[in-house]
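Hi,

Here is the structure I promised to pass on. Have a look at it first, and then read on for what turned up.

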Amino acid sequence: VEDGKQVVHGASPVSTLWAAYELIGSWGVGFYLGGDFVPKPDPAVRATLVERSHSPALAVRGNVPWCNFANGPTSWNPQDYRTFLDQMAKQKANFIGFHSYDHEPFAAYFPGENQVRHGHPLMLADSPHGRNWSPKAYGARKGPFGTDLFFDRDSWGTEVGMGEANRVEVMRAQQQLMIDALAYARTELGMKTCMGFEVSGDSADPDKAGAFVARMKHMLDVYPLDYAWIWQVEASSIRHDERKPESEVSEEVRQHFDYLDRSAHDLHETERMLGWLRLAHKTIKEHRPEVTMIVSGWGGEHYLKFSDYYLGLDKLLPKDVVFSALDYIDPLHLDKQPT
């Protein structure tokens, strides 16, 4: 306490920021992603000496805001990103990561002038295309139960690129929105940043491999990243409608993934992902070696089982690769667990 003021300090500028939020939280203030809770003022409160130190139980902790939902980055503007990130900092989070589907702009790349691949502009309420995980296109002014009164036009969503006729320019602007957000998280709040996308097709196809490398290099060039995420296409670990004989799989894969339950897994999918992950790691280390590669997918549940591959992948991929997965995203499954 100095002159009636409490002083906090940390081992770094970021940890000092966390110390300040920890102190403020001790006054009964609550920090949430939707905003802060501030208790009623108490004139009797005085600054007192507090001798207390904290260190995080987890070195990396944060959020993965999911796009293609109306309350997620699909509809965010620059201030929405900053508000979300500021609230994360108050919670002492230090990681922000984004997964991008191919119907979103963030992992698209531009092979030529006025050309774009593997991406589309962010959806608006009345966008007629790419409506994964969302209702059919509708005008926001047509909302039921009085919700139409919240909107002054049908096209509701991110303001970035809205009204721009050139699709490529829209996507460049929306990528810049994400670039600025990650730069703010990294430089102003001390967060680790991550961007990634799903890999489809066969890495042994020269055309697909060449397109992947171009896409990866673009992502590494434009985004201020600590991590690059490589995702299995959603649910591919369990979709094996056209299984091929295992004799066509390499001996390396048969040896290291023999533990997999064949009723749930196809070794051809294992070999496909191994090929992409090796190409991704090679590209990252050649282009931006300071970036760490993360493997991710849907796993750990009763039906999406990508993380089952990790025992074998851990033996075949370099030791600097990080493994992660979206686990237990089905609340109905949790309801069925024995008590």
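**Two helices at an angle**

Helix 4 and helix 6 lie oblique to each other, because their axes cross at roughly 45°, a value outside the ranges that count as roughly parallel, antiparallel or perpendicular. Please keep in mind that this is a predicted model. The two axes come within 10 Å, and the crossing of helix 4 and helix 6 is right-handed.

If you would like to find this contact on your screen, helix 4 covers residues 206-222 and helix 6 covers residues 267-287. On the helix 4 side, the residues that meet helix 6 are K208, A209, F212, V213, M216, K217, L220 and D221. Their counterparts in helix 6 are W276, L279, A280, T283, I284 and H287.

**The sheet**

Next, the strands. Six of them, in the order 3-4-5-6-7-8, form an open sheet with parallel pairing. Which strands stand at the edges? They are strand 3 (62-63) and strand 8 (322-323), and each has a single partner strand, so one side of each has no neighbour in the sheet. As a general reminder, strands of a sheet pair through backbone hydrogen bonds, in either a parallel or an antiparallel way.

Helix 6 comes back here, as it packs on the sheet and touches strand 5, strand 6 and strand 7. The direction of helix 6 makes about 165° with that of strand 6, so the two count as roughly antiparallel, the word used for angles over 145 degrees.

Strand 5 is a good place to start inside the sheet. This strand runs over residues 192-199, and 7 of its 8 residues are buried. Strand 5 pairs with strand 4 in the parallel sense over 6 bridges, and it also pairs in the parallel sense with strand 6 (residues 227-232), over 6 bridges. C194 of strand 5 lets you follow both pairings: C194 is the bridge partner of G97, and C194 stands opposite Y227 in strand 6.

One step further along, strand 6 and strand 7 (residues 292-296) pair in the parallel sense over 5 bridges. In that pairing, A228 stands opposite M293 of strand 7. Helix 4 has a place in this part of the chain too: strand 5, helix 4 and strand 6 make a right-handed β-α-β unit.

**Two residues in a loop**

Two residues in the loop between strand 4 and helix 3 are also worth a look. Is L149, which sits in that loop, buried or exposed? L149 counts as exposed, because its relative accessibility is 72% and the cut-off for exposed is over 50%. L149 and S75 are 74 residues apart in sequence, and their C-alpha atoms are 18 Å apart in space.

G161 belongs to the loop between strand 4 (95-100) and helix 3 (167-188). With a relative accessible area of 22%, G161 is partly exposed, because buried would need a value under 20%. G161 and L177 are 16 residues apart along the chain, with 9.9 Å between their C-alpha atoms.

**The whole chain**

To finish, the overall picture. The protein chain has 8 helices and 8 strands, and its C-alpha trace spans about 80 × 50 × 50 Å along the principal axes. Of its 339 residues, 42% are buried. Among contacts with a separation of 6 or more, 68% join residues 24 or more positions apart.

Best wishes

Methods. Residues are numbered from 1 along each chain as its sequence is written. This is a predicted model: local features need pLDDT of at least 70, side-chain atom pairs count only at pLDDT 80 or more; totals for chains, interfaces and linings use all residues. Side-chain values use heavy atoms; hydrogens and water are left out. Helices (H or I, at least four residues) and strands (E, at least two) are DSSP runs, numbered from the N terminus. Buried means under 20% relative accessible area, exposed over 50%, partly exposed in between (1.4 Å probe, protein chains only). Two strands pair if DSSP finds at least two bridges between them. A crossover is right-handed if, with the strands pointing away from the viewer, the path from the first strand over the helix to the second runs clockwise. Contact means heavy atoms within 4.5 Å. Axes are lines fitted to C-alpha atoms, for helices over the stretch in contact, and angles run from 0 to 180 degrees between N-to-C directions. Angles under 35 degrees count as roughly parallel, over 145 as roughly antiparallel, 65 to 115 as roughly perpendicular and the rest as oblique. A crossing is left-handed if the near helix is turned anticlockwise from the far one by less than a right angle, and right-handed if clockwise.
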